[in-house]
Amino acid sequence: SQVYPSLRQHMLTAMDDQIGSISHRGQQFKNIYEETVARLRQLLDLSSGHEIFFLSSATECWERIIENCVAVSSHHLVNGAFGAKFFDSAVALQKKSSQFCIPDGEGFDIDKIAIGGDAELIAVTQNESATGVAQSPEDINRLAQKYPDKLIAVDCVSSLPYVDLNYSNLDAV
């Protein structure tokens, strides 16, 4: 991936400030963490009622969502490699999960989706970068409104902060 043009200078500044050596329990780290969270809230227009977690990868995000939000079953909308990997994470964690698959590169018609009552969570990949198709924020909102009794988890790893989501309708992003 292309990096931001000033990354080199940011890395040098971090080295000069010995950021990599500070204690994660010290006040300097706490200040950096608090500033980062405040800026993310501003960037994403995220209320204080939402929590922000820092994870290492999309795979870890999928695993944590499934581990913490699904007791028995999840349902996954799959139209490419990343949606399939989200589903595979649920299967690997021994959940009784199901998937609704459409051909790679196609978007979902929310009106044609029927999800059984046993699924506790619906997982959707907003920007399936493996195939180049994105599910619109309006469609994701309609999905949440169609299934208000289910948790909605949206994989936005490759689209935040550019996609404008209504976080009040979503449970994990």
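**Pockets and a surface patch in the predicted model**

Helix α3 contributes seven residues to the lining of the largest pocket, the largest share of that lining. The structure is a predicted model, in which local features need pLDDT of at least 70 and side-chain atom pairs count only at pLDDT 80 or more, whereas totals for chains, interfaces and linings use all residues. Residues are numbered from 1 along each chain as its sequence is written, and side-chain values use heavy atoms, with hydrogens and water left out.

The largest pocket (an open set of points on a 1 Å grid over the protein atoms alone, where a 1.4 Å probe fits, with protein on both sides within 12 Å along at least five of seven lines) has a volume of about 1100 Å³. Its lining, defined by an atom within 4 Å of a point, comprises 31 residues, of which E51, I52, F53, L160 and V173 lie nearest the pocket centre. At least two lining residues each are supplied by α2 (27–44), α3 (58–69) and β6 (151–155), where helices (H or I, at least four residues) and strands (E, at least two) are DSSP runs. By class, the lining of the largest pocket holds 22 nonpolar, five polar and four charged residues.

The second largest pocket encloses about 250 Å³ and is lined by I19, I32, E35, T36 and R39, which divide into two nonpolar, one polar and two charged residues.

On the surface, V3, Y4, L7 and M11 form a nonpolar patch with about 440 Å² of accessible area together; patch members have over 30% relative accessible area and no salt bridge (a side-chain nitrogen of Lys or Arg within 4 Å of a carboxyl oxygen of Asp or Glu), and nonpolar side chains are joined within 5 Å. Y4, in the segment before α1 (7–16), is exposed (over 50%), with a relative accessible area of 64%.

Key:
Patches are made of residues with over 30% relative accessible area and no salt bridge: like charges are joined within 9 Å, nonpolar side chains (Val, Leu, Ile, Met, Phe, Trp, Tyr) within 5 Å. Accessible areas come from the Shrake-Rupley method with a 1.4 Å probe; for residues, only the protein chains shown count as cover. Buried means under 20% relative accessible area, exposed over 50%, partly exposed in between (1.4 Å probe, protein chains only). Grid points are joined across faces, edges and corners, and a volume is the space filled by probe spheres set on the points. Ala, Val, Leu, Ile, Met, Phe, Trp, Tyr, Cys and Pro count as nonpolar, Asp, Glu, Lys and Arg as charged, and the others, Gly among them, as polar.
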